[in-house]
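Here are a few short exercises to work through with the model open beside you. Try each task before you read its solution.

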Amino acid sequence: MDRFIEALVPISVAIIMWGIGINLTFSDFKRVFVEPKAILTGLTLQLFMLPAVGFLIAWMSNLNPAYQVGIVLIAACPGGTASNLVTHMLKGRVALSISLTAFNSFLILFTIPIIISGSIEFFMSSSQRVSLSFWLTFRNIGVTVIIPVLAGLLVRNYAPGFTYRLKPYLRYALPTILLVVFLVVGIHSLDGESSQSLSDKLAIAIPLLILNLSMIFFGFLIPGFLRINHDGKYTIAIEMGLQNSALAIFIGSQIIQNPDVVIVALIYSSFSFFTTLGVGYRLARRGE
């Protein structure tokens, strides 16, 4: 089963990113770097504001220390494929979303070890060295994001007729693939983990929901103050609100090796896609 999961996740992510890629053009990415205010704002908010607010929420939650570390871990894992897909579904700036994912995937090599080691020491009164492999991360982001998106761009450029016929099916297929992966990984990760009562899960979910909604709010509000246009604002809001729970699950289970930290990521993944999609839809409609 472990080998099946290890194969399922990257293949599914690559298919989703390829499907997103065929809806893009090279000019979409050119816009990101010719007008860099949006990407610089998004990176700054994700790297500094998100962990700071996550730490504050964890500290105020008065939860089990391992759960508090789990909340900080979620805040330290910037959005991945799920946020790219939500942005695509809501017709936001997908190239901006993907660019934020790509840059963050390398920046977290430095930020996550510092943030998580510090939170373990602060909340659990113990020290634990946390590190991520540069080459493994480079390979993963290349295979699951950069290469599939480039392949999608090339298909759109050289086979526009095929792309046009395929688009209606991808609108439903891509979310379905992601939800199936969430379900399979969630069930597998819960197997053998510590069990919590409904009240315990609710106590964990409340601060996570506050983190999710507050980051969407600030991710929309602050770019507005900086005069970033509407589609850029709600794209950044989606990136701020929907964290990479798959990465958090991996770090919690394989690096920190604490099932209570993993439970926090699993609870977050059970609702954050839907809340971000719902609130993001309302924000996107505000510009109409």
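**Exercise 1. The enclosed space**

How many cavities of 30 Å³ or more does the structure hold? Find what lines the largest cavity, and sort that lining by class.

*Solution.* Keep in mind that this is a predicted model.

Step 1: count. The structure holds one cavity of 30 Å³ or more.

Step 2: look at the volume. The largest cavity contains about 30 Å³ of space.

Step 3: list the lining. The residues around the largest cavity are Q46, L47, P51, A76, P78, I108, T111 and I115. Two elements, α3 (37–61) and α6 (94–124), each give two or more residues to this lining.

Step 4: sort by class. Six of the lining residues are nonpolar and two are polar, while none is charged.

**Exercise 2. An open site**

Turn to the second largest pocket. Which residues lie nearest its centre, and which element gives the most to its lining?

*Solution.* Step 1: start with the volume. The second largest pocket has about 540 Å³ of space.

Step 2: find the centre. Of the 21 residues that line the second largest pocket, N23, H88, M89, K91 and V94 lie nearest its centre.

Step 3: trace the walls. Two or more lining residues come from each of α2 (26–34), α5 (81–89), α6 and α8 (160–190). The top contributor is α8, which gives seven residues, the most of any element.

Step 4: sort by class. The lining of the second largest pocket splits into twelve nonpolar, three polar and six charged residues.

**Exercise 3. Two backbone angles to check**

Locate N62 and R227 in the model. What is the phi of N62, and what is the phi of R227? Is N62 buried or exposed, and is R227 buried or exposed?

*Solution.* Step 1: recall the background. Most residues other than glycine have a negative phi.

Step 2: take N62. Its phi is near 60°, a positive value in a residue other than glycine. You will find N62 in the loop between α3 and α4 (65–76). The cut-off for exposed is over 50% relative accessible area, and N62 counts as exposed because its relative accessibility is 71%.

Step 3: take R227. Here phi is near 65°, again positive in a residue other than glycine. R227 sits in the loop between α9 (198–225) and α10 (230–241). With 75% relative accessibility, R227 therefore counts as exposed.

Terms used: Residues are numbered from 1 along each chain as its sequence is written. This is a predicted model: local features need pLDDT of at least 70, side-chain atom pairs count only at pLDDT 80 or more; totals for chains, interfaces and linings use all residues. Side-chain values use heavy atoms; hydrogens and water are left out. On a 1 Å grid over the protein atoms alone, a cavity is a set of points where a 1.4 Å probe fits but cannot get out, and a pocket is an open set with protein on both sides within 12 Å along at least five of seven lines; lining residues have an atom within 4 Å of a point. Grid points are joined across faces, edges and corners, and a volume is the space filled by probe spheres set on the points. Helices (H or I, at least four residues) and strands (E, at least two) are DSSP runs, numbered from the N terminus. Ala, Val, Leu, Ile, Met, Phe, Trp, Tyr, Cys and Pro count as nonpolar, Asp, Glu, Lys and Arg as charged, and the others, Gly among them, as polar. Buried means under 20% relative accessible area, exposed over 50%, partly exposed in between (1.4 Å probe, protein chains only).
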